[in-house]
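Biologist: Please give me a close look at one part of this model, following it from one neighbour to the next. I would like the pairings and the side chains told as one story.

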Amino acid sequence: MAGVARWVTIAVDAPGTRRGIPVVAAIMGRFASDDADERDPDAGQEFWLVRSMHFTTRHFAEDGREYRDCFVDSDGVVRLPYGRDHDEPQDCDDPITHFAELPTLPGTNVHYLLGEKAKTARANALEEGHNGVHGALAIS
């Protein structure tokens, strides 16, 4: 079984209005640099990395702040698309430059299942041989 994903430049498109869609996102930023970081070789360096996240059209942070059309990681950190108007109150330090949708669950066309549906789909996928490496996720 092979899954194929393609990177989309955030300036060209966004995940759209599908709330909660799981994605991998390319994040750009700069490691913190201060006097305490003298021994850290990465301090002050720019980075570009990939994290799994989900896209949402509306998110409320723990502090009550509301975000629109944003990416949220598993730690609840909100990141915004690169190139948003910097005068906008939703500006962030580590924006998303690209994203790719994650593949669906083996043998299904969905990203998550709950309860009995999850149990049945998992059993079916294991019985049908979706339990080994049958391909690779190619991101281009």
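Modeller: Happily! Two strands pair if DSSP finds at least two bridges between them, and the elements themselves are DSSP runs, numbered from the N terminus (helices are H or I with at least four residues, strands are E with at least two). The model is predicted, so local features need pLDDT of at least 70 and side-chain atom pairs count only at pLDDT 80 or more, while totals for chains, interfaces and linings use all residues. Residues are numbered from 1 along each chain as its sequence is written, and side-chain values use heavy atoms, leaving out hydrogens and water.

Let us settle on strand 3, residues 21-30. Eight of the 10 residues in strand 3 are buried, so this strand is mostly covered (buried is under 20% relative accessible area, exposed over 50%, partly exposed in between, with a 1.4 Å probe and protein chains only). Strand 3 runs antiparallel to strand 4, with 10 bridges joining the two. Strand 7 is also antiparallel to strand 3, and here five bridges make the connection. Ala25 is a good place to stand: opposite Ala25 in strand 4 is Arg51, and in strand 7 the bridge partner of Ala25 is Phe99. Those two partners lead us on to the charged and aromatic groups below.

Before leaving strand 3, have a look at Gly29, which belongs to this strand. Gly29 has a relative accessible area of 11% and is buried. Its C-alpha atom is 5.7 Å from that of Glu46, although the two residues are 17 places apart along the chain. Setting aside neighbours within four places in sequence, Gly29 is in contact (heavy atoms within 4.5 Å) with Gln45, Glu46, Phe47, Asp93 and Asp94.

Now to the charged side of the story, by way of Arg51. At 28% relative accessibility, Arg51 is partly exposed. Its side chain meets that of Asp73 in a salt bridge, 3.0 Å from N to O (the rule asks for a side-chain nitrogen of Lys or Arg within 4 Å of a carboxyl oxygen of Asp or Glu). Because Arg51 lies in strand 4 (residues 46-60) and Asp73 in strand 5 (residues 66-73), the pair ties together parts that are 22 residues apart in sequence. Asp73 is buried, with a relative accessibility of 5%.

Arg51 has a further salt bridge, to Asp75, at 4.0 Å from N to O. Asp75 sits in the loop between strand 5 and strand 6 (78-79), so with Arg51 in strand 4 this pair joins parts 24 residues apart in sequence. At 59% relative accessible area, Asp75 is exposed. Asp73, in turn, forms a salt bridge with Arg79 at 3.2 Å, N to O, and both of these residues are buried. Taken together, Arg51, Asp73, Asp75 and Arg79 are linked in a network of salt bridges. For the model as a whole, the count comes to six salt bridges.

The other partner of Ala25, Phe99, takes us to the aromatic rings. The model holds two aromatic pairs (rings of Phe, Tyr and Trp, the last by its six-membered ring, with centres within 6.5 Å; planes under 30 degrees apart are stacked, over 60 edge-to-face, the rest tilted). Phe55 and Phe71 have ring centres 5.2 Å apart and planes at 65°, so they pair edge-to-face. This pair links distant parts of the chain, 16 residues apart, with Phe55 in strand 4 and Phe71 in strand 5. Phe55 is buried at a relative accessible area of 2%, and Phe71 is buried at 0%. Phe71 also pairs with Phe99: the centres are 6.3 Å apart and the planes at 45°, so the pair is tilted. Here the link spans 28 residues, from Phe71 in strand 5 to Phe99 in strand 7 (residues 96-101). Phe99 is buried as well, at 4% relative accessibility. Phe55, Phe71 and Phe99 thus make up one aromatic cluster.

So, starting from Ala25, one route leads through Arg51 in strand 4 into the salt-bridge network, and the other through Phe99 in strand 7 into the aromatic cluster.
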